[in-house]
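Please examine the following protein chain together with its three-dimensional model. The account below leads from a single helix to the sheets and the packing around them.

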Amino acid sequence: MTKDKYTEFTPEHYPPFPDGLPTVELETISLSRLLESAPEEQSRMFEACKGRGFFYLDLRGSKAGRILLEGAERIARVGEETFDLPVDEKMKYAQGIKARTLFGYKWEMRTVPADKYLAFWPRTGVGATVTDKAGTKDTAEFFNVAKNDMIVADDAMRYPWPAPVLEAKPLFREYMQTAHAVGMTILGALAEKLGVDAAAITSQHRIEELAGDHVRITRGPPRETEDMPEIQTPSHTDFGTITILMNWLGGLQVWSESARKAQLNNGQPDSPGEWLWVKPQKGCAIINLGDAAVKFTNGVLCSGRHRVIPSPGTQGKWPRYSIVYFVRPEDKCILKQLRGPGIPDGPEEEGLTAADWIYRQAQGLGTKFDK
């Protein structure tokens, strides 16, 4: 890849986030302090996870943080090269070619000519998610790179990948291993606050086991109009346990009131409020919990409701890239509450496997799969 052809993914490269917008106040938690098991840092994180389910994670001052900061920029460039591939080439890796998988390419409707879209639809069964009751299509283009393929030898991979991803496999491996370890640090600290043995939850997220864990490289197109009617990713809560987000432009929004329900009947927040911007912070990842964390803790922890719209102000003139690592339970894990003094008792339940849970949640957002 010729470096000059691609974007410098650093905060300094973009216009500043505009003043005067309604933004959310989130706790900033130090990764280096969490790695030292600092009790006060663990307590502040626990309160944030019980409340809104979102916080900033300051990555500066640790080796793991440096890997995530630098690695996210490099992966974004891999994404830029991947999205630049011809449509026919990208569609070879479309989601749904292998039944019930979310791995691979999800196109943004406007990037695929109508004749191409109609040709691929019967074969892949892939459909864009909708953003509202009127059926408005989302505008995000993304590529989900499976953890379990990036951390194994080439001959052990289960899915095909485009050349830019394969060439960057060592980069993905290091990034995923580091992000996963950070996720386990967070889970271990939360378990301790709940009075649960950390192994009771980390053992459900072993990195070598098959799971829905992946890096998602997302590209949101530049804003088309001043009033920003497009929604790049609809209102939702994440399926898994922990989400680690790296981004450089605004666009992420959270609901102003804490949404305590992991699943909603109509796709709308379960309490009155408004959408608030999450301002990117230099040197920080944005962490949010997902529905599995709610399930494991019988509602003690919160799955943060959020959406993505085009970047505000002059930032909206740029395509918005983000790099996300999803920590999800192992496919064979049965999703049901853990038992501990900090978790209220609920009824015994058989529960779904994580694989079935993610499949159902994805269908709820409108994703279609081959049968």
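How far apart are the end C-alpha atoms of H3, and what should its 21 residues span at 1.5 Å a residue? The model, it should be said at once, is a predicted one. At 1.5 Å a residue, the expected span of H3 is 30 Å, and its end C-alpha atoms are 30 Å apart, which agrees. Of the 21 residues of H3, 15 are buried, so the helix is largely enclosed by the rest of the structure.

The setting of this helix is a chain of 371 residues, of which 57% count as buried. The protein chain contains 11 helices and 12 strands. Among its contacts between residues at least 6 apart in sequence, 79% join residues at least 24 apart.

Eight of the strands form an open sheet with mixed pairing, in the order S1-S2-S10-S7-S12-S5-S4-S3. Strand S1 (28–30) and strand S3 (104–106) stand at the edges; each has a single partner strand, so one side of each is left without a neighbour in the sheet. On average, neighbouring strands of this sheet are turned by 25 degrees against each other, direction ignored. As a general matter, strands of a sheet pair through backbone hydrogen bonds, either parallel or antiparallel.

Both senses of pairing can be followed at S2. Strands S1 and S2 run parallel and are joined by three bridges; here Ser-30 has Asp-58 in S2 as its bridge partner. With S10 (residues 284–289), by contrast, S2 (residues 54–58) pairs in the antiparallel sense over five bridges. In this pairing Asp-58 has Cys-284 in S10 as its bridge partner, and Phe-55 stands opposite Ile-287 in S10.

Two helices that pack on this sheet may now be placed. Helix H2 (residues 39–51) touches S1, S2 and S10, and its direction makes about 140 degrees with that of S1. Helix H3 (residues 63–83) also packs on the sheet, where it touches S3, strand S4 (141–146), strand S5 (214–220), strand S7 (242–247), S10 and strand S12 (320–327). The direction of H3 makes about 115 degrees with that of S12.

Is S2 enclosed or left open by its surroundings? Five of the five residues of S2 are buried, so the strand is largely enclosed by the rest of the structure. Both of its faces are covered: Phe-54, Tyr-56 and Asp-58 are buried on one side, and Phe-55 and Leu-57 are buried on the other.

Ser-322, in strand S12, gives a second view of the sheet. Its relative accessible area is 5%, and because residues under 20% count as buried, Ser-322 is buried. Leaving aside neighbours within four places in sequence, Ser-322 is in contact with Arg-216, Ile-217, Thr-218, Leu-245, Met-246, Asn-247 and Trp-248. The C-alpha atoms of Ser-322 and Phe-142 are separated by 9.4 Å, although these residues are 180 apart along the chain.

H2 also packs against another helix, H8 (residues 169–194), at an angle of about 85 degrees and with the axes 10 Å apart. The two helices are therefore roughly perpendicular to each other. On the H2 side, Pro-39, Gln-42, Ser-43, Met-45, Phe-46 and Cys-49 take part, and they meet Ile-186, Ala-189, Leu-190, Glu-192, Lys-193 and Leu-194 in H8. By class, this contact has eight nonpolar, two polar and two charged residues.

The span of H8 can be examined in the manner used for H3. At 1.5 Å a residue, the 26 residues of H8 should span 38 Å; the end C-alpha atoms are 37 Å apart, which agrees. H8 is followed by Gly-195, whose phi is positive, near 75 degrees.

There remains a further sheet, in which four strands form an open arrangement with antiparallel pairing, in the order S6-S11-S8-S9. Its edge strands are S6 (233–236) and S9 (275–277), each of which pairs on one side only. The twist averages 25 degrees from one strand to the next. Strand S8 (residues 252–255) and S9 run antiparallel and are joined by three bridges; Val-254 has Leu-276 in S9 as its bridge partner.

Notes:
Residues numbered from 1 in each chain as written. Predicted model: local features only at pLDDT ≥ 70, side-chain atom pairs only at ≥ 80, totals over all residues. Heavy atoms only, no water. Pairing = 2+ DSSP bridges. Axes fitted to C-alpha atoms, helices over the stretch in contact; angles between N-to-C directions. Contact = heavy atoms within 4.5 Å. Buried < 20%, exposed > 50% of the residue type's maximum accessible area, 1.4 Å probe, protein only. Parallel < 35°, antiparallel > 145°, perpendicular 65-115°, else oblique. Nonpolar A, V, L, I, M, F, W, Y, C, P; charged D, E, K, R; others polar. Expected span 1.5 Å × (residues − 1).
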